[in-house]
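Reader: I am new to this structure and would like to go through it step by step. Could you put it up, please?
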Amino acid sequence: MYMQVIDIHAHIYRKVAGITKGQPMASTSLGRVTVGNRQVQFLPPSFEDSSSKTETLIAYMDWCGVDKALLMPNPYYGYHNAYIKESVEKYPQRLRGVALVDFLQGKDAARELADIYDEGVLFGFKIETDSTFQCASHKRMCDEEFKDIWDCCNQYRQPVFLHMFRDCDVEDLTVLADLYPQITFVICHMGADACFRPWVKKENFDHVLDLVKNHENMYIDTSSVPTFFGAEEYPFPSSIAVIEKAYAVVGPEKIMWASDYPGMLNHATFKELINLVVTGCKNIPDNHKELIMGKNAQRLFFK
Ligand SMILES: [Zn+2]
């Protein structure tokens with residue numbers, strides 16, 4: 001059966017030039033990057049210059065039957081708005097690009113976003129709270145100094161892609177979802193580090209699912225869920241259980257599949273990431289899988 005597949009979370013960069021735990025990250029070669037002085041295997045060695053190029057993503061998409069993708073930034077990889085913009089302009093039928101600004105700049109970040117939205121190529125914004133607040137860990141998304149950013153997104157009716165790490169992120173999301181009904185909130189990685197790590201409250205996942213279920217403006221994506229369950233390998237039974245649980249609570253209209261390419265290629269092939277839902281989730285009927293794999297994303301981001 002043919003199923004349109006849209007990936008709402010894929011990363012491209014000419015070079016990793018980011019920051020993690022306060023240390024700079026930089027591409028070296030053979031899929032490795034330096035984190036401070038340490039060298040780590042960040043991607044498979046076949047990513048020879050440790051970059052994630054647009055052409056390589058498009059080739060993976062063609063090879064595995066992925067129709068379209070959202071290019072997702074993250075301070076972890078660095079600031080690549082220019083490369084993302086260039087890629088979207090090169091493949092306008094296949095790609096859309098999410099904006100990244102330095103959230104900590106508050107009012108100035110809001111102004112930069114407004115300029116980006118007026119220009120009309122990139123859209124939305126990504127916030128990953130660990131790398132955003134790593135040098136200001138006492139700050140929170142809802143602090144007064146960041147209000148202009150949320151106001152701007154709300155005014156321009158832009159989506160926000162949110163990767164949470166802390167209990168306070170979940171608390172702030174609860175406030176933001178009610179305060180900003182024109183923002184479409186997409187919860188990356190099924191709630192991610194704020195739901196599946198031992199240092200956060202156990203009830204966070206149920207709370208996040210309730211928020212998604214009860215807010216018209218909230219969605220959740222399936223990317224990188226397998227990384228939260230130790231060394232479990234494909235077909236990732238624990239991840240399937242989490243995705244099927246989310247489906248049972250929020251319904252098929254509120255979930256979107258995503259790959260988190262290329263980092264997830266350390267854990268599975270691209271085809272296996274697709275099959276996590278398509279063949280793995282046996283308790284989701286095909287017409288609902290169509291929504292999760294592409295139709296929801298088509299309606300929200302490619303109309
Ligand atoms: Zn990602």
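Reader: Where is Ile220 found?
Author: Ile220 is in strand 11. Please keep in mind that this model is predicted.

Reader: Is Ile220 buried or exposed?
Author: Ile220 is buried, because its relative accessible area is 0%, and the cut-off for buried is under 20%.

Reader: What is Ile220 in contact with?
Author: Setting aside neighbours within four places in sequence, Ile220 is in contact with Ile187, Met190, Gly191, Val208, Leu209, Val212, Lys254, Ile255 and Met256.

Reader: And what separates Ile220 from Pro198?
Author: Their C-alpha atoms are separated by 21 Å, and the two residues are 22 residues apart along the chain.

Reader: Let us turn to Asn217. Where is Asn217 found?
Author: Asn217 belongs to the loop between helix 8 (204-214) and strand 11 (218-221). Asn217 counts as buried because its relative accessibility is 9%.

Reader: Which backbone oxygen atoms lie 3.2 Å and 3.1 Å from a polar atom of the Asn217 side chain?
Author: The backbone oxygen of Tyr180 is the one at 3.2 Å. The backbone oxygen of Ile183 is the one at 3.1 Å.

Reader: Which residues does Asn217 touch?
Author: Not counting residues up to four places away in sequence, Asn217 touches Ala177, Tyr180, Pro181, Ile183, Thr184 and Phe185. Tyr180 and Ile183 are thus named again here, having already appeared through their backbone oxygens.

Reader: Now the metal. Which residues are the protein donors of the zinc ion?
Author: They are His9 and His11, each through NE2, and Asp260 through OD, at 2.0 to 2.2 Å from the zinc ion. Along the sequence, the spacing of these donor residues is H-x1-H-x248-D.

Reader: Where do His9 and Asp260 lie in the chain?
Author: His9 is in strand 1 (residues 6-10), while Asp260 is in the loop between strand 12 (255-256) and helix 10 (270-278). The pair links distant parts of the chain, 251 residues apart.

Reader: Are those two buried or exposed?
Author: His9 counts as buried because its relative accessibility is 1%. Asp260 is buried as well, with a relative accessible area of 11%.

Reader: Which peptide bond leading to Pro262 is cis?
Author: The bond from Tyr261 to Pro262 is cis, with omega near -5°. Pro262 is in the loop between strand 12 and helix 10, the loop that holds Asp260. A further cis peptide bond runs from Tyr234 to Pro235, with omega near 15°. Pro235 lies in the loop between strand 11 and helix 9.

Reader: Helix 10 has come up. Which of its residues are buried?
Author: The buried residues of helix 10 are Phe270, Leu273, Ile274, Asn275, Leu276 and Val277. They pack against strand 1, helix 1 (54-64), helix 9 (237-250) and helix 11 (286-301).

Reader: Next, cavities. How many of 30 Å³ or more are there?
Author: The count is 2 cavities. The largest cavity holds about 40 Å³ of space, and the second largest about 30 Å³.

Reader: Which residues line the largest cavity?
Author: Its lining consists of Thr222, Ser223, Ser224, Trp257, Ala258, Ser259, Met264, Leu273 and Leu276. By class, these are 5 nonpolar, 4 polar and no charged residues. Leu273 and Leu276 are also among the buried residues of helix 10.

Reader: And which residues line the second largest cavity?
Author: That cavity is lined by His11, Ile12, Tyr13, Met72, Pro73, Asn74, Tyr77, Gly78 and His80. Among them, His11 is also a donor of the zinc ion. The lining divides into 5 nonpolar, 4 polar and no charged residues.

Reader: What volume does the largest pocket have?
Author: The volume of the largest pocket is about 810 Å³. The pocket is lined by 30 residues, and Tyr76, His163, Asp193, Arg197 and Thr227 lie nearest its centre. Its lining has 9 nonpolar, 13 polar and 8 charged residues.

Reader: Which elements each supply at least two residues of that lining?
Author: Strand 3 (23-27), strand 8 (123-128) and helix 4 (129-132) each do so.

Reader: Last topic: what is phi of Leu30, and where is the place of this residue?
Author: Phi of Leu30 is near 55°, a positive value in a residue other than glycine. Leu30 sits in the loop between strand 3 and strand 4 (32-35), and is partly exposed with a relative accessible area of 37%.

How values were computed:
Residues numbered from 1 in each chain as written. Predicted model: local features only at pLDDT ≥ 70, side-chain atom pairs only at ≥ 80, totals over all residues. Heavy atoms only, no water. Donors = N, O, S within 2.8 Å, 3.2 Å for Na, K, Ca; no water. Helix = DSSP H or I, 4+ residues; strand = E, 2+ residues; numbered from the N terminus. Buried < 20%, exposed > 50% of the residue type's maximum accessible area, 1.4 Å probe, protein only. 1 Å grid on protein atoms, 1.4 Å probe; cavity = no way out; pocket = protein on both sides within 12 Å on 5 of 7 lines; lining within 4 Å. Points joined across faces, edges and corners; volume = space filled by probe spheres on them. Nonpolar A, V, L, I, M, F, W, Y, C, P; charged D, E, K, R; others polar. Polar contact = N/O pair within 3.5 Å; in protein donor to acceptor, adjacent residues only side chain to side chain. Contact = heavy atoms within 4.5 Å.
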